[in-house]
Amino acid sequence: MSFSNDVRTEIAKSIIDRDRQFACLYGVLLYCRTFTAEQIVLQSESDVYAKLIPSLFQSVFHWKLLPDARTSGRDNNSAVVSFRITDPEQIGQICSTYHIHPEKREIRLSNLVNNSLSSFLAGVYFGCGSVMDPNKEYHLEFNTPSELLCSDLQKLLRSIGVSGGCILRKNMYVLYLKDSEHIEDTLTYMGAQQCTIELMNIKIRKDMRNKANRVRNCDEANINKVVSAAMRQTEDIRWIMKCGRMETLSPELRELAQLRLENPELSLKELGELLSVPLGRSGVNHRFQKIAAIAEELRSHAVHSE
């Protein structure tokens, strides 16, 4: 089962009394793709939706609404269930009850009573909403059938502190949310508290993985830095040895050079701790800079002598 369908399953359980059912069905009808004076078509691939719609119509209009035959969904592994209303009297009753004008659908807050705004938003989600699996991406969207309905929904979400963007996609006005906290607020408001908790838990796991990756990458970078530095230092020491100038180094530099040749994997701090007179990292680095300068001078002499 998809995360989006988990949301539908949970919010369907919150649509328990008639006021909520009335508001939820209003959201479904207002935001369905096909709503004209001739027909209303409600469609979804969700089994939860297929069970909810007849119960909503029974509660609000006392009709027994039966689905059309199921058709194959987009991936051929799912089935689309359709409810089609073509009776002029029934369409007229719907429009009269909800004050819907098919040619200009817009949200009428007067239809929402007794704090049923959350159930209305749940109905909108049933009618045209979906949410991505948060393991993959934070993305919730509503595929609204008109620019006006998209704008109205955007204003409604703003009233609960949620903001989203709008784009036109395949003749549908899509209102989308990318901010994970705004998605959490929307899910909670619609009644999907458990799904919100699951999303938050996924965020925590992803943050922990990201932090672990950053630490690992940092460790790898530090190791690579130590290895590169040790290779340069070893090359300098071997060049000085090749030139027969090791004995000209001070006792402190010779001791450090010998330790580096014997311990190519150690960091500057670890080398400093092995010196006869322990030295900090910056002190060890300073001595290696002296060794590097001597090696560079010898290389320069070698080039000029050629």
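Here is a chat about why the parts of this predicted model get the labels they do.

Me: What should I know about the model before we start?
Reply: It's predicted, so local features need pLDDT of at least 70, side-chain atom pairs count only at pLDDT 80 or more, and totals for chains, interfaces and linings use all residues. Residues are numbered from 1 along each chain as its sequence is written, and side-chain values use heavy atoms, with hydrogens and water left out.

Me: Why is Val80 called buried?
Reply: Buried means under 20% relative accessible area, exposed means over 50%, and partly exposed is in between (1.4 Å probe, protein chains only). Val80 has 14%, so it counts as buried. You'll find Val80 in strand β4, residues 79-85.

Me: And what makes Val227 partly exposed?
Reply: Its relative accessible area is 42%, and partly exposed is the label between the buried and exposed cut-offs. Val227 sits in helix α8, residues 193-242. Helices (H or I, at least four residues) and strands (E, at least two) are DSSP runs, numbered from the N terminus.

Me: What makes Ile223, Val227 and Met231 a patch?
Reply: A patch takes residues with over 30% relative accessible area and no salt bridge; like charges are joined within 9 Å, and nonpolar side chains (Val, Leu, Ile, Met, Phe, Trp, Tyr) within 5 Å. Ile223, Val227 and Met231 form a nonpolar one on the surface, with about 290 Å² of accessible area together. That area comes from the Shrake-Rupley method with a 1.4 Å probe, and for residues only the protein chains shown count as cover.

Me: How do you know that β2 and β4 pair?
Reply: Two strands pair if DSSP finds at least two bridges between them. β2 and β4 have five, in the antiparallel sense, so they pass. Ile40 stands opposite Ile85 in β4.

Me: What about β1 and β2?
Reply: Strand β1 (residues 34-35) and β2 pair in the antiparallel sense over two bridges, so they meet the cut-off. Thr34 has Val41 in β2 as its bridge partner, and a hairpin of four residues joins β1 to β2.

Me: Why is β2 described as mostly covered?
Reply: Strand β2 covers residues 40-44, and four of its five residues are buried.

Me: What makes Glu141 and Arg169 a salt bridge?
Reply: A salt bridge is a side-chain nitrogen of Lys or Arg within 4 Å of a carboxyl oxygen of Asp or Glu. Here the N to O distance is 3.0 Å, so the pair fits. Glu141 lies in strand β6 (residues 140-144) and Arg169 in strand β7 (residues 165-169), so this pair ties together parts 28 residues apart in sequence. Glu141 counts as buried at 10%, while Arg169 is partly exposed at 32%.

Me: How do you know that Glu198 and Arg205 count too?
Reply: Their side chains meet at 3.6 Å, N to O, so they also fit the salt-bridge rule. Glu198, at 33%, is partly exposed, and Arg205, at 38%, is partly exposed as well.

Me: And what makes Glu273 and Lys269 a salt bridge?
Reply: The distance is 2.9 Å, N to O, so the rule is met again. Being four residues apart in helix α10, Glu273 and Lys269 are separated by about one helical turn.

Me: How many salt bridges does the structure hold?
Reply: Nine. Asp236, Glu296 and Arg299 are linked in a network of them.
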